[in-house]
Structures are given as C-alpha cells and as structure tokens.
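Work through the following exercises with the sequence and the coordinates at hand, and attempt each task before reading its solution.

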Amino acid sequence: MTGQEKLVSVWESCLRIFSELVDKKPFEIWFKTIVPVSLQDNTLTVEVPTDFFREYLESAYLPVIKSTLRRVIGPDAKLVYQVHPVKKEPAMVYPAANQQMPENKPVSINTYQPASNPGPFVFPGIQKVRINPRLNPAYSFENLVKGECNKMGINAGMSISEMPGKTPFNPFFIFGGPGLGKTHIAQAIGLEIHKRFPDLVVLYVTGNEFKTQYVNAVTVQNKLYDFMAYYMRIDVLIMDDIQELIGPSTQNAFFNIFNHLHMAGKQLVFTSDRAPIELMNFEERLLTRFKWGLSVELTKPGYETRLAMLKARCFREGVTVGEDVLEFLANKIRSNFRELEGALISLIANATLCHKEITCELAEKVTGNIVSEEDRDITIEKIQQVVCDYFNISKEEILSKSRKRNIVQARQLAMYMCRNLISNCSLSTIGMELGGKDHATVLHACTTVSDLMSTDKIFKQYVTDIEKMLVPDAR
C-alpha cells in the first residue's frame, strides 16, 4: 500500500467513525469539508478552509477527534492543521490542541528541606525540573503588523532576540493601553529566543501569578527557598502586567530575583498598562531599576496599520473580505488591535455560521455594540475647532490657502485626525471640508504627520495632546 493509499484509507476510517458520533448536519459542515494532506508516522496533517473553522472544530469536537485518531492511528496519534491560503503562498501551519507547546530543557535546581539550615560542608539536594515556558506559538513576530504605533517596540524586541541579555535593552519595559500588542511583542521575544537559543530557559508569567506563587510558597507550601531558586534559574524572564506586583514582601522577593538575574546577564522583559514613572505603590529601588534599560510606549494604531492588520488576519483565516468592508472596519474601530480583531472574527463567524455574504451592512450590524457613542460624536467640524484652539489660529486660516508653516502643519494634523478618528469618512470628504483639497493632498498630509511623529518629539506631543482633547480616554 502506497503512502497516499494509506492516507485515504485512514481518513475514510476516521470519517466513518465521525459520522457515527456526530449528527448528520454538523458532520456535513465540519468534517466532510476537511481534506487529508499527509500521514507521516503517527502525525496526520489535514487542510481546513479557515482558522476560525479550525478553532470552532477543536472547541466543539476535540474529544471526538482525539478518541477517533487514537482508535484509527494509535495512542500516539497527532494532528496538524493547514489553513488554506487565499493567495498563492505557503499555507499557515497550526498544531492541534493536543500537540506539545514550546518546551525548555530540564534544569537542575538546588533545594533545601523546609526550615533547614545546612552548614558550609553540607551539599543541598538537587532536583531536576522541567520549566514550562508558557509561550503561545501564535504570538510570533511573523504574526505582528508593524506600524508607527509599535515599530520601536518590535525593532527593539527583535534585537533582544538576537542577543538576549547582551543589549542595552535590559530590562525591556513595554507599556501602553489594553489591546495594543504588549503581550504579543513580549511573547514574540520569548518565542524567537527559544528558537535561536534552545538551551536558554524562558519563562512567561504575569505579575498576579508571581504574587500568588510567592504567597503560596511562604504561607501554604513553606518553600520560599525553592521559589527563589526556581526563578533565579531563569535565563529569560518575561513578566506581563507588572503593575499587579503589589505588596512589600512580594516586591522584596522580586527585587532580589531581579538583581540576581540582571547581574548574571539574563534578559528581563516587562509589560505594564502605564509608564514606570506612573506605577503606584512600588518601591523606589524597583522603579529605578525598571528605568535602567529601554522603556517603549505602544500607542493606538493609525488607519494604515489597522487596515494592514485586518488584511493580514484575513489571510491567516483564509477568507476573502472586500476592500470596502475592511476600510469600514478600519475606520469604525480605532481603539486597539484586540477590538479590531474581535470585530473581524465576529464578522467572519456570522457569515460562516449563518451563510451570509460579508458586506458593509453586516459589518455595521456586528460592530454596532463595539463603538462608543463618544466616538460617534467626533466630527470634522469638532476636529477643526479643537486644532484651531490648540494652535491659537482661526477657522478661516486653517481653511485658507496659506502656506505658512504653522498653518500648514495645523491643517495636515486636522486631516490626520479626521482620517483616524471619524468612521465612514472618505479622503475626498475630508479634503473638501478642510479647504477644498483633493484626496491625494489628504493622503500626503496623513503620511507627513506619521513621519513627523516618528522624528519630532514636540510634534508628536501636539498629536497626543489633541487626541486626548478629542478622545479623553486616549493614552
């Protein structure tokens, strides 16, 4: 029997069992659509139409799939998905839920018995420990969309991945509002280091988890030494939401771990919802250490970045969405990547499960409860007024054909704000309302503002101040 014949035979056996365990309609929708690709040893690779299809299949039918594969292939059966791409590019590969995640090598940790006080000639016990890095393969650099909002964070993260612990970016402190990609960049660093340096021990943990582990080690397990020894063995420590690391005793333990790792040349990566200077209830000695390396703020994504992210996610999902729908979503949802991605997935789910065409009307219905009323109240006229007040110029000046530098910059900034903060507003409309300009002038203005933000700190502060005046909760 050839390899192809064996693959067909195995898959037909699986389908026969699936049809017995699953109702007819779900079987037709979710199982007959799957295409077997290859069978190597105990690993079966199958192709599915979209990433959403894969996620739903596993969430609803994982026990059925696992038991069937073990029954047909054997107890060591493994499943790998390929998502069929829209373009003629290699398929995105996703391991099944029962596949192994990235693993660290086993490490030796010196341990003492509780309450023991060994003398200088007493050798402590040695325990072999396998530390789970707790990294999600989906949070890779390849799956990040780079824009002005996160460019510095991504570039610094990639530099760290090439020389962990040996760059000036140690510690690396990433801060910004929710849904802007802090966790993604932090985990991408861990994944890339794990791939380049498999002998290094990488660990991702949240500030709240660290605090809970410490409390358990002190009050419940009475194994504080083991807790400290465990963390001091890490080569790359990634701590997410470090603002949750409150409590003097917890911070004291973390302070000692920080010092040990930093002096040993280990890499430290932290994320927070606020800048180091804004952290409350933190010891000054910790705050000063957070500032030793590089602190990078992630800001809200601009229109071009939001649109690029939507296109990239559509490719990963293996679906075709019209340019008008993507532009609608990019204009409609401006707050962060998480809400934007959630809206796209909801749209795809509605279209897939209800067999509807993906249109702007469906997108508006799906996103109706996502956009706040405050966002809907932002108009071109309001932006004009705020910009004029900020630069102390008249509305007539900003709408004039004046080429004075301060007037031109104010006009360009107003165009940029209209593009990024107003839904369903075309470039032509923005240009017409701001001095009778054409769409090419508006596009040039938006590009100019983006470039100035990355090179001119004072101009970037103008943008930040005006955005906060228009959207008070903007960071």
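A residue is called buried under 20% relative accessible area, exposed over 50%, and partly exposed in between, with a 1.4 Å probe and protein chains only. The model is predicted, so that local features need pLDDT of at least 70 and side-chain atom pairs count only at pLDDT 80 or more, while totals for chains, interfaces and linings use all residues. Residues are numbered from 1 along each chain as its sequence is written, and side-chain values use heavy atoms, with hydrogens and water left out.

**Exercise 1.** Determine how many disulfides a search of the whole structure finds.

*Solution.* Take as a disulfide a pair of cysteine sulfur atoms within 2.5 Å. With that cut-off, the search finds zero disulfides. For C446, the closest cysteine sulfur belongs to C418 and lies 8.8 Å away, which is too far for a bond. C446 is also buried, at 1% relative accessibility, and C388 is buried with a relative accessible area of 2%.

**Exercise 2.** Establish the strand order of the open sheet of five strands.

*Solution.* Strands are DSSP runs of E with at least two residues, and helices are runs of H or I with at least four, numbered from the N terminus; two strands pair if DSSP finds at least two bridges between them. The order is then β8-β9-β10-β7-β11, with parallel pairing. The edges are β8 (202-206) and β11 (294-298), each of which pairs on one side only. Within the sheet, β9 (residues 236-240) and β10 (residues 267-272) are joined over four bridges in the parallel sense, and L237 stands opposite L268 in β10.
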